[in-house]
Amino acid sequence: MSDPYPAADATTRPAKSSGKSLIDRVLALVRREPEDREGIKSFLEAAHERNLLDAEAYSMIKGALAVSERTVADIMVPRPRMDLLDIAQPLPQLVATIIETGHSRFPVYEDDRDNILGILLAKELLRCVLEPDLDIRALLRPAMFIPEAKRLNVLLHDFQQGSIHQAIVIDEHGGISGLVTMEDVLEEIVGDIEDEFDEDDEESIFPEGENQWRLMASTQIDHFNETFHTDLPDDEYDSVGGWLGGQLGRIPKRGDSATYGDLRIEVIRADARRALWLRARRLPLARPAPAHPSAA
């Protein structure tokens with residue numbers, strides 16, 4: 001009697017798939033669970049190399065891991081570079097500072113920069129237009145104070161829970177040592193976040209009046225040279241902000257400036273990592289001293 005289930009020959013066997021499915025490839029990676037943080041990083045790197053994670057996802061996951069290892073002191077804006085408002089200043093001066101820096105929230109102090117009264121939202125000053133006699137103290141929101149050693153992942157959770165966007169960092173003696181925002185923490189995960197003051201590189205230089213311009217620090221040097229008919233060197237730096245940092249020998253901060261030819265370039269907005277906005281002014285040409293008449 002013939003076998004009712006003959007062995008399948010090469011022509012009847014189903015062909016094996018030449019490539020593994022995505023699930024198979026993932027399972028092949030996770031069969032051995034990582035035992036520590038370095039193992040997780042190796043696992044992620046292997047997944048990225050095998051195209052299971054694209055570059056963006058790989059970068060974000062690495063950033064999320066780094067956030068759990070870093071502290072507020074690693075990313076805060078240090079005290080000397082904090083933009084604060086003095087409650088004793090008249091309203092026009094406060095508005096001028098807000099417009100120039102471009103921030104949406106400001107710590108407000110009284111008498112001493114360590115004496116923080118609260119946080120002022122820039123949009124709240126619009127109420128003063130309708131109520132000129134309004135006391136700015138009534139507009140302040142409570143400030144959040146945190147230690148330098150606070151972990152970023154814990155801080156991010158606190159920001160989310162309290163709907164808070166910035167915190168004042170204090171040192172071990174209770175003095176103000178810096179400022180950190182939710183955006184600073186998120187940028188550690190997802191990279192730089194453009195805000196409403198960030199412009200497209202195609203439009204990065206804006207006239208502000210006669211012989212004065214506002215420009216992004218990321219403006220390409222060749223675009224700068226074309227606009228101002230200058231020859232700012234581009235052999236070491238691509239952007240005007242990079243060139244300015246090279247002139248200063250450090251990260252530029254608000255108020256820093258450098259002169260090239262008849263242009264003075266000043267930093268008007270910066271964060272802890274780089275200059276953001278610059279102002280260029282055309283300097284008046286020096287007049288030659290009058291010649292003294294020769295003695296008869």
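Start by selecting β10 and β11 (residues 263–270): four bridges join these two strands, and they run antiparallel. Strands here are DSSP runs of E of at least two residues, helices are runs of H or I of at least four, and both are numbered from the N terminus. Two strands pair if DSSP finds at least two bridges between them. For one bridge to click on, take Y260, whose partner in β11 is L263.

A word on what is loaded: this is a predicted model, where local features need pLDDT of at least 70 and side-chain atom pairs count only at pLDDT 80 or more, while totals for chains, interfaces and linings use all residues. Residues are numbered from 1 along each chain as its sequence is written, and side-chain values use heavy atoms, with hydrogens and water left out.

**The five-stranded sheet**

Now widen the selection to the whole sheet. It is an open one of five strands in the order β8-β9-β12-β11-β10, with antiparallel pairing. At the edges sit β8 (205–209) and β10 (257–260), each pairing on one side only. Look along the sheet and you can follow a twist that averages 25° from one strand to the next.

Next, show helix α9 (residues 221–228). This helix packs on the sheet and touches β8, β9 (212–216), β11 and β12 (275–282). Contact means heavy atoms within 4.5 Å. The direction of α9 makes about 40° with that of β8. Axes are lines fitted to C-alpha atoms, for helices over the stretch in contact, and angles run from 0 to 180 degrees between N-to-C directions.

Add helix α10 (residues 240–248), which lies across β9, β10, β11 and β12 and runs at about 100° to β10. Which residues of α10 are buried? Colour V240, G241, W243, L244 and G245. Buried means under 20% relative accessible area, exposed means over 50%, and partly exposed is in between (1.4 Å probe, protein chains only). The cover over the buried residues of α10 includes β9, α9, β10, β11 and β12. Step just past the end of α10 and you land on G249, with a positive phi of about 80°.

**Two loop stops**

Go back to the loop between α9 and α10 and pick D238. Is D238 buried or exposed? It is exposed, at a relative accessible area of 59%. Draw a C-alpha to C-alpha distance from D238 to Q220: the two are 18 residues apart in sequence and 5.7 Å apart in space. Leaving aside neighbours within four places in sequence, D238 is in contact with T219, Q220 and I221.

Then hop to N211, in the loop between β8 and β9. Phi of N211 is near 60°, a positive value in a residue other than glycine. With a relative accessible area of 38%, N211 is partly exposed.

**The three-stranded sheet**

Select β2, β3 and β4 for another open sheet, with order β2-β3-β4 and mixed pairing. Its edge strands are β2 (85–86) and β4, each pairing on one side only. On one side, β2 and β3 pair in the parallel sense over two bridges; D86 has Y109 in β3 as its bridge partner. On the other, six bridges join β3 to β4, which run antiparallel; here V108 is partnered by G118 in β4.

Zoom in on the hairpin that β3 and β4 form, with one residue between them. That turn holds D111, in the loop between β3 (105–110) and β4 (112–121). D111 has a positive phi of about 70° although it is not a glycine. At 74% relative accessibility, D111 counts as exposed.

**A helix pair**

Next selection: helix α7 (residues 152–162) with helix α8 (residues 182–190). They pack at an angle of about 130°, with their axes 10 Å apart. The two are therefore oblique to each other; angles under 35 degrees count as roughly parallel, over 145 as roughly antiparallel, 65 to 115 as roughly perpendicular and the rest as oblique.

Show side chains for L152, L155, L156, F159 and Q160 in α7, which meet M182, V185, L186, E188 and I189 in α8. By class, this contact has eight nonpolar, one polar and one charged residues. Ala, Val, Leu, Ile, Met, Phe, Trp, Tyr, Cys and Pro count as nonpolar, Asp, Glu, Lys and Arg as charged, and the others, Gly among them, as polar.

**Zooming out**

Finally, show everything: the protein comes to 10 helices and 12 strands. Of its 296 residues, 35% are buried.
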